[in-house]
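Trainee: Could you take me through one part of this model up close? I'd like to start with a helix and the sheet beside it, then follow whatever connects from there.

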Amino acid sequence: MLLLRFYDDGLAQASYLIGCQTTGEALIVDPNRDVEQYIAAAEAEGLRIAHVTETHIHADFVSGSRELAQRTGARLYLSDEGGPDWRYGFASQAGATLLKDGSRFRVGNVAIEAMHTPGHTPEHLAFLVTDTPAAAAPLGVLSGDFVFVGDVGRPDLLERAVNIRGTMEAGARQLFRSLQRFKQFPDYLQIWPGHGAGSACGKALGAMPQSTVGYERLANWAFAIPDEDAFVTAVLEGQPEPPKYFAEMKRINKEGPRLLGGRGLGRPRRLPAARVGELLAQGALVVDTRAAADFAAAHIPGTINIPLNRAFTGWAGWLIPYDRDFYLLIDHAREDAVETAARDLAMIGLDRLGGYLDCDDEMLATWRASGGTLESTPQLTPAQLHERVSGGDVTVIDVRGRNEWEVGHLPGVANIPLGLLPDRLTELPQQGMIVLQCESGSRSAIAASLLQANGRSAVANLEGGFNAWRKAGYQVVRESPVPV
């Protein structure tokens with residue numbers, strides 16, 4: 001048996017190839033939209049992708065299962081658990097084989113058994129993997145979003161992200177019962193989870209790529225709570241805000257993602273730099289993907305900044321709408337920037353990328369020569385902010401998650417998480433300077449760009465964020481939420 005793990009840093013998402021090297025068959029589990037990587041890997045190993053499946057209807061990326069099955073002629077397997085509301089709408093059209101708890105199929109000499117593990121979602125399956133020439137018992141389980149390293153899948157997403165009322169507590173109780181069943185497996189059983197650290201599908205995911213039942217029994221908080229009511233309270237407590245785009249992903253993946261038909265993820269068209277003024281005048285969303293420091297030093301008014309780094313995909317999903325075209329400003333000094341940005345956006349279904357423009361010193365100079373102005377974002381040190389706060393002439397907004405804010409924050413500072421800020425701009429004071437603050441200064445830099453793009457000129461960012469404030473020795477408090 002061959003096991004290959006594929007990991008997408010931007011999504012903190014893992015997918016897997018299970019191959020039988022004797023028969024040359026392969027199974028892909030939880031593929032994302034970049035299906036070429038799986039095809040290339042199988043070919044490199046001398047394998048044929050004959051089977052494709054996924055653990056559940058994903059909320060954080062566009063599934064590649066349908067696309068990959070069509071491209072390769074593989075048999076598609078989908079869950080038939082959870083009741084009629086949780087069935088795949090495209091299963092019949094795609095000719096999918098439906099799986100129930102205990103359903104089995106083979107990948108050459110490798111046996112796969114579906115195990116219904118509801119809680120994160122009602123239809124969720126885990127897959128027990130047995131290398132039959134070596135042993136009669138499973139050696140590992142592809143746990144999807146059920147069990148992670150150090151954590152379990154959150155059961156609140158359907159209610160908090162998709163607005164399906166009454167599912168949060170019911171999901172938590174289902175998750176508890178799924179765990180009781182899972183605990184019966186032997187300590188040696190390996191766990192291959194669907195996500196790693198940084199994913200919003202749990203609250204405390206570990207960074208290790210895999211684990212065992214025995215280790216999780218020792219180290220995973222969820223395994224240590226024997227009482228159902230206590231577990232429900234614990235698993236629902238402290239969950240981060242679910243990204244806004246999760247609801248769109250659920251819809252897309254349930255109804256059936258748009259097929260790319262072998263065209264790949266594509267490359268956007270390059271537009272002349274001079275078009276940026278025209279786009280902004282038309283009210284188009286223009287996203288500057290340069291590093292935060294470069295944007296803060298000089299940027300074109302009306303653009304927002306989402307740096308092309310590991311967090312790009314998540315913040316794009318929060319801040320870029322799905323119902324209209326948008327455009328990117330790209331740092332041309334980075335050779336792979338265009339392909340990386342387009343791929344990351346396509347992974348979460350942001351397909352309305354109208355084009356990109358190179359953004360460099362020459363472009364900014366041309367912009368100024370044509371009569372345009374450039375804007376900067378002031379950076380305040382903790383000492384400067386402390387002085388301004390003492391003088392009472394600034395409003396500080398903490399754009400971290402609510403749970404982070406509750407652990408510790410600047411005195412008297414209100415909390416509006418970054419992803420919610422575009423919908424709450426009217427709550428901000430209309431007069432005086434607004435200083436944005438997060439943990440290290442990166443999220444607040446994005447927040448500052450949003451305010452500036454919406455016409456606020458008196459905006460600044462706390463350099464180094466909460467970490468720098470605390471390190472400088474200034475007061476930190478824990479208290480009940482402060483209204484804006």
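Mentor: Start with α1, which lies across β1, β2 (13–20), β3 and β4 and runs at about 150 degrees to β1. Keep in mind as we go that this is a predicted model.

The strands under that helix belong to an open sheet of six, in the order β1-β2-β3-β4-β5-β6, and the pairing is mixed. β1 (2–8) and β6 stand at the edges with a single partner strand each, so one side of each has no neighbour in the sheet. From one strand to the next the twist averages 25 degrees. Look inside the sheet at β4 and β5, which pair in the parallel sense over three bridges. If you want a landmark there, find valine 52, which stands opposite leucine 76 in β5.

Now bring in α2, residues 65–72. Its buried residues are Ser65, Arg66, Glu67, Leu68 and Ala69, so you'll find charged names in that list as well as Leu68 and Ala69. What covers them includes β3 (25–29), α1 (36–44), β4 (48–53) and β5 (75–79). In other words, α1 is part of the cover over the buried residues of α2, besides lying across β1 to β4. Just after α2, glycine 73 takes a positive phi of about 75 degrees.

The two helices are also tied by charge. Arginine 71 forms a salt bridge with glutamate 36, with the closest N and O atoms 2.6 Å apart. That pair links distant parts of the chain, since arginine 71 sits in α2 and glutamate 36 in α1, 35 residues apart. Both ends are partly exposed: arginine 71 has a relative accessible area of 32%, and glutamate 36 is at 35%.

Move along to aspartate 80, in the loop between β5 and β6. Aspartate 80 counts as buried, at 13% relative accessibility, and two positive side chains reach it. Arginine 87 forms a salt bridge with aspartate 80, the closest N and O atoms being 2.8 Å apart, and arginine 87 itself is partly exposed at 33%. Lysine 100 forms a salt bridge with aspartate 80 too, with 3.5 Å between the closest N and O atoms. Lysine 100 comes from the loop between β6 (97–99) and β7 (104–107), 20 residues from aspartate 80, so this pair also links distant parts of the chain. At 36% relative accessibility, lysine 100 counts as partly exposed. Elsewhere, salt bridges that share partners join Glu169, Arg173, Arg177, Glu228 and Asp229 into one network. The count for the model comes to 31 salt bridges.

For contrast, go to glutamate 375, in the loop between α12 (361–369) and β17 (379–380). Glutamate 375 is buried yet has no salt bridge, and the nearest side chain of opposite charge, arginine 290, is 10 Å away. What does glutamate 375 contact, leaving aside its neighbours within four places in sequence? The list is Phe295, Ala297, Ala298, His299, Pro301 and Gln452.

That loop leads into another open sheet, this one of five strands in the order β17-β21-β20-β18-β19, with parallel pairing. The edge strands are β17 and β19 (414–415), each pairing on one side only. β17 pairs with β21 (residues 459–462) in the parallel sense over two bridges, and glutamine 379 stands opposite asparagine 461 in β21. Here, too, a helix lies over strands: α13 (residues 382–391) lies across β17, β18 (394–398), β20 (433–437) and β21, at about 125 degrees to β18.

One of those strands, β20, takes you to the largest nonpolar core, as we'll see. That core has 51 residues, and those with the most contacts inside it are Ile306, Ile320, Phe326, Leu328, Leu345, Ile397 and Leu436. Elements giving two or more residues to the core include α7 (246–255), β13 (285–288), α10 (312–319), β15 (326–330), α11 (337–347), β16 (353–358), β20 and α15 (442–453). The largest share, six residues, comes from α11. To see how one member sits, pick leucine 328: beyond its neighbours within four places in sequence, leucine 328 is in contact with Val287, Thr289, Ala341, Leu345, Leu353, Gly355, Tyr356 and Leu357. In soluble globular proteins, nonpolar side chains tend to be buried together.

Note on methods. Residues are numbered from 1 along each chain as its sequence is written. This is a predicted model: local features need pLDDT of at least 70, side-chain atom pairs count only at pLDDT 80 or more; totals for chains, interfaces and linings use all residues. Side-chain values use heavy atoms; hydrogens and water are left out. Helices (H or I, at least four residues) and strands (E, at least two) are DSSP runs, numbered from the N terminus. Buried means under 20% relative accessible area, exposed over 50%, partly exposed in between (1.4 Å probe, protein chains only). Lys and Arg count as positive and Asp and Glu as negative; His and the chain ends are not counted. A salt bridge is a side-chain nitrogen of Lys or Arg within 4 Å of a carboxyl oxygen of Asp or Glu. Contact means heavy atoms within 4.5 Å. Two strands pair if DSSP finds at least two bridges between them. Axes are lines fitted to C-alpha atoms, for helices over the stretch in contact, and angles run from 0 to 180 degrees between N-to-C directions. A nonpolar core is a set of buried Ala, Val, Leu, Ile, Met, Phe, Trp, Tyr and Cys residues joined through side-chain atoms within 4.5 Å.
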